[in-house]
Amino acid sequence: MASTQVETKTSLTQKLKNSSLKKKSIPYLLVFPAILFVVGVLGYAIVAGVLMSLYDMQLSFADAPFIGLQNYIYLFTDSTFLNSLFVSLIFVFGSVVLGLTLSLSFALSLYKCKRSGNFFKALSLVPYLISGIATAIMFRFLFSGDVGLINMILSTFGLDTVNFLANPWWALLICILANVWFVCPFATLILLSGIQSVDQELFDSAKIDGAHKHHILLKIILPLIAPMMGISLIWLSFASFNMFDVILPLTNGGPGRATEVMALYMYNVAFDELQYSLGSTVMVIILFFNVLTSLIYLKVFNVNYSE
Amino acid sequence: MKKACSVLLFIFVIGLLSACGDSEGSSSDADGQKVVEVWFGREDFIPEDNFEKFHEEHPDIKVEADVVPLEQAVSDFMRNHSAGNEPDIVQVFHDNVGTMVNQNALMDISEYVSQWEDNEPDTFNKILSQAWDIASWEDKVYGMGVHVGPYWHVYRKDLFEEAGLEIPETYDQLLDAARELDTDEHEGYALVGGREHPAWWFSSLFVSMDGEYTDTGLPVIDSEAGHYLIEFYQTLMREELIDPSAISWSSGEMRGAFIGGNAAMAPIGDNIFPLIQEEMNYGEEWTAAPQPARPGVGDNTHEIWGWPMMVSSNAEHPEAVMEVFKYLSDTEIVSEVAQRYQPTTNSEVMSSDEYQEAKPWAADFEEEFANTIIMPSHVKQGEVMNILIDIQQEALQNPDKNPADIAAEFQTELNALDN
């Protein structure tokens, strides 16, 4: 009898354990298709890209010999690529600084926006929902030399017009602005979610203690949303390093090669010049920069999900 | 839980089956018809009847037409060719032919072209030699150019008449006219200076200035013609005869400036003329002429571009493919496309009353069109084009730099492509 009771108890414990295991496994099971998709599509592309970068595969020639690291050596001695690397670094730095400043401002404004808050949150997402090509065309209309809206406004006020897209530095600035317009909304949402997660009592206590607004921002909000800022920066850097669909129709890298970022260089090399291996090599370099900057942000902003 | 597992398993199996699907291109359907799959580069190239008459005349052949933009046709075709899924015929920019031949992706159809010539001389002789030249590589024919497109110069006749100017015959005269016509209301000239397009306009002007190519298809920029061309661009910018932002202009902005009366002249492709005609009358407000010549050079040369239909090396029914070519270049069929879109290599159409009525400028170019040369292409044509764009932009950005220095610098880059 006692033995039967023990067996029943063991069986029950086992059933409970199994049930608990099943429950725990469900989230992983549900995530599995997404992981499979990411590994299948991205993972394959990365592995194939890395391998391809070690060969000399050009569509103009039938053979594709193994050349080791020669593509990397070529790129880091090629003035055109080095120019695109330099342009990329300026582009990403400008986009990140401007993007983070604006998205933080927008997030704070939206946090304060109690009436019709949801409407404005939805509205702030609109630039992100517009395609890159549409964004580029919009900016082209705004900054065209002769019929652009900005120059019309400048003329109205009796000011000299500017050939924005014909001047290398102006053109780069316009590309940064277009990029920020495109990537800022998502960064805003990330930061807003961070601010909303801060305990309201902390603000109230600070106010009672006589803290000024800038103290609240610097001493409470920014330290508490640091992990979210890290995530936001990863997004801004990642999106800027990969930015291609806005710049292509906006300047296509011109004037000269003043706005030819690495992603655009990669496209030109791979699809205009049909040098697939060289394009893959640039892909690997962009990936390296993305991983490197992400690791730096994760470290600096102490993003740790286990805490 | 079981349901979730079943759904996931189902999705996985479907995905697996899709991935392992038949990768062989279908050349015959269930009815035993020969299937010819064609990728057109633009929808406008597809005949209006969408092969209806062809299917009536050839019940044993079924044409499946699709549109893959010219800009991505080569890479898409090559990828599909590797997987055995490519179409039988693909339309590409003609300067990609060498690349495709080097990849063994195209079929030598010289034998079938000869058969056409022997068996149906009446229809064959209507076709200009450019149709075959544009689809050839090292004396072998790999397809057919049904449509080709030259670049000419367009002029605002109203502005020229108002200023009492003649249509320029040389580039020096053109610059003089541009100086005369450059006012507060409009620029003297318009050009595509941006990086958006390949350097088609630049190349067309180079050839008309007696520019030459090497045997491998590289433009000899470090030459009298090359120096003159660079200086021409520099003069336009230095003397502000073009819009100061022309360095970022695409073709749309150039043609908009001309049609809108903001520029007195421009180099524009024949295919754009119908658009201009919609806004102005040919011979009254606007006119066109072959490219001017470089001073001191007798006759100039006119270059054409094309979008030949290339035959896949794996095409199983080359005879059926040739029937498709005959149909696409048939006078009745191609006349409809040529009247609304690009000129054709069918000489009968080009000299027909209907065509010249639909395109009143055609008669003025009949002789030049028949004597055009096909733009030579290099096996690394993409790189050649990028270097030509660099030259164009360098000239516009540095109008005071010595043209010979610019030419020499970039010629070195061009010559390196032969190594």
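How much area is buried between chain A and chain B, and what part of that area do carbon and sulfur atoms give? In this predicted model, the area buried between the two chains comes to about 2600 Å², with carbon and sulfur atoms giving 55% of that figure. Counted by residue, 32 residues of chain A are in contact with 29 residues of chain B.

As for what holds hands across this boundary, two salt bridges turn up between chain A and chain B, along with eleven residue pairs in polar contact. On the chain A side, the elements that give two or more residues to the surface touching chain B are α1 and α13, the latter spanning 262-272. Helix α1(A) supplies the largest share of that side, with five residues. Sorted by character, the chain A residues that touch chain B split into 15 nonpolar, twelve polar and five charged.

One of the salt bridges links Arg257(A) to Asp390(B), where the side chains meet with N and O 2.8 Å apart. This pair also belongs to a wider arrangement: salt bridges that share partners tie Arg257(A), Glu260(A), Arg195(B) and Asp390(B) into one network. That network takes in residues of chain A as well as of chain B.

Gln58(A) is worth a closer look here. This glutamine sits in the loop between α1 (2-52) and α2 (70-75) of chain A. Which residues does Gln58(A) touch, leaving aside those up to four places away in sequence? In chain A they are Leu274(A) and Gln275(A), and from chain B come Gln103(B), Lys380(B) and Glu383(B). With a relative accessible area of 11%, Gln58(A) falls under the 20% cut-off and therefore counts as buried. Its side chain also has a polar partner close by in sequence: the side chains of Gln58(A) and Asp56(A) make a polar contact at 3.3 Å.

Looking beyond the boundary between the chains, the structure holds 20 salt bridges over all chains. Several of them lie within chain B, and two of these are found inside single helices. In the first, the side chains of Lys53(B) and Glu57(B) meet at 3.8 Å, N to O. Both residues belong to helix α2 (residues 52-57) of chain B and are four residues apart, about one turn of the helix. Lys53(B) is partly exposed at 25% relative accessibility, and Glu57(B) is likewise partly exposed, with a relative accessible area of 46%.

The second of these pairs is Lys326(B) with Glu323(B), whose closest N and O atoms are 3.3 Å apart. Lys326(B) and Glu323(B) are three residues apart in helix α14 (residues 318-328) of chain B, so about one helical turn separates them. Here the two ends of the bridge fall into separate classes of exposure: Lys326(B) counts as buried at 16% relative accessibility, whereas Glu323(B) is partly exposed at 23%.

A further salt bridge in chain B joins the side chains of Glu394(B) and Lys401(B), with N and O 2.8 Å apart. Is Glu394(B) buried or exposed? Glu394(B) is buried, with a relative accessible area of 17%, while its partner Lys401(B) is partly exposed at 30%.

Chain B also brings together residues that are far apart in sequence. Glu231(B) and Pro403(B) are separated by 172 residues along the chain, yet their C-alpha atoms are 5.9 Å apart in space. Glu231(B) has its place in helix α11 (residues 224-238) of chain B and is partly exposed, with a relative accessible area of 39%.

Finally, the cysteines. A disulfide is a covalent bond between the sulfur atoms of two cysteines. How many disulfides does a search of the whole structure find? The count is zero over all chains. Why does Cys113(A) have no bond to Cys184(A)? The sulfur of Cys184(A) is the closest cysteine sulfur to that of Cys113(A), but the two are 16 Å apart, which means they are too far apart for a bond. Much the same goes for Cys175(A): its closest cysteine sulfur is also in Cys184(A), at 17 Å, again too far for a bond. As for their surroundings, Cys113(A) is partly exposed, with a relative accessible area of 26%, whereas Cys175(A) counts as buried at 1% relative accessibility.

Key: Residues numbered from 1 in each chain as written. Chains lettered and ligands numbered in written order. Predicted model: local features only at pLDDT ≥ 70, side-chain atom pairs only at ≥ 80, totals over all residues. Heavy atoms only, no water. Buried < 20%, exposed > 50% of the residue type's maximum accessible area, 1.4 Å probe, protein only. Polar contact = N/O pair within 3.5 Å; in protein donor to acceptor, adjacent residues only side chain to side chain. Contact = heavy atoms within 4.5 Å. Buried area = accessible area lost by both parts, 1.4 Å probe. Salt bridge = Lys/Arg side-chain N within 4 Å of Asp/Glu carboxyl O. Nonpolar A, V, L, I, M, F, W, Y, C, P; charged D, E, K, R; others polar. Disulfide = S-S within 2.5 Å.
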